Amino acid sequence: MPKHQSNTGLIIALIVIGLWVLSIINLMTWQVNLQNPVLYLMILIQMHLYTGLFITAHDAMHGTVSPNPTLNNFIGQVCTALYAGFPFSKLYDKHHKHHRHVHTELDPDYHEGNFVTWYISFIKEYLSWWQLVLMALIYNVLKLWVAEVNLILFWVLPSLLSTLQLFYFGTWLPHHGEHSNKHQSGTQKKNHLFAFFGCYFFGYHYEHHDSPGTPWWKLWKLKH
């Protein structure tokens, strides 16, 4: 259980969710012009907000969103549902299994292979066929009211790019290769600006494994 008892984590979680909601609503009605460089910036911003949803859910897995367990888990489920229809309980179990068995054959996040094969294994581990059916159904319903190009550019593409962002900074970068420390994990060099925009300080990954009860927005304080 987290040591903190404030509602700061909840406020930050609601800000992340609110920004994602406001962004996705506005982008669904945006006039797409492929020659407009702002379009590509908005795709990256939306990708970052998608990653923020997952990082918030990740904090909920460690009980740091709210000291109220029911509210904490509810926020986690909202974030995983908005991200890609994931069941929070399944992600919770797998993530804690990763912490218990990091870099072993029992670690659901670990794979002995190159970046591409590991990424494919990572996606297959977490994505189920019924999620694909659900997302396809939602997509086809939404396109009755939203231009398909907006759905592809601002809903589908950013979420896919976000999986790469999360995988690269949260799995591949810290866990590939061999490590001699107790958490079998690497970490980024100290650069708070890059760490935030990279993956909400999640690249400070040894620090996360060393203090899993520290929320993402405090993780930078552990970097010495």
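The following paragraphs describe how two helices pack in this predicted model and then turn to its cysteines.

Helix α2, which covers residues 37–61, and helix α3, which covers residues 69–84, have axes that come within 8 Å of each other and cross at roughly 150 degrees. Since angles over 145 degrees count as roughly antiparallel, α2 and α3 are therefore described as roughly antiparallel to each other. The crossing in which α2 passes α3 is left-handed. On the α2 side the contact is formed by Y50, L53, F54, T56, A57 and A60, while α3 contributes N72, N73, I75, G76, C79, T80, L82 and Y83. Sorted by character, the residues of this contact between α2 and α3 comprise 9 nonpolar and 5 polar ones, with no charged residue among them.

One of the α3 residues in that contact, C79, leads to the question of how many disulfides a search of the whole structure finds. The search returns 0 disulfides, and the distances show why C79 and C199 are not bonded: the closest cysteine sulfur to that of C79 belongs to C199 and lies 14 Å away, which is too far for a bond. Taken from the other end, the sulfur of C199 likewise has its closest cysteine sulfur in C79, at 14 Å, whereas a disulfide requires a pair of cysteine sulfur atoms within 2.5 Å.

Are these two cysteines buried or exposed? C79 has 0% relative accessibility and so counts as buried, and C199, also at 0% relative accessibility, counts as buried as well.

Note on methods:
Residues are numbered from 1 along each chain as its sequence is written. This is a predicted model: local features need pLDDT of at least 70, side-chain atom pairs count only at pLDDT 80 or more; totals for chains, interfaces and linings use all residues. Side-chain values use heavy atoms; hydrogens and water are left out. Axes are lines fitted to C-alpha atoms, for helices over the stretch in contact, and angles run from 0 to 180 degrees between N-to-C directions. Helices (H or I, at least four residues) and strands (E, at least two) are DSSP runs, numbered from the N terminus. Angles under 35 degrees count as roughly parallel, over 145 as roughly antiparallel, 65 to 115 as roughly perpendicular and the rest as oblique. A crossing is left-handed if the near helix is turned anticlockwise from the far one by less than a right angle, and right-handed if clockwise. Contact means heavy atoms within 4.5 Å. Ala, Val, Leu, Ile, Met, Phe, Trp, Tyr, Cys and Pro count as nonpolar, Asp, Glu, Lys and Arg as charged, and the others, Gly among them, as polar. Buried means under 20% relative accessible area, exposed over 50%, partly exposed in between (1.4 Å probe, protein chains only).
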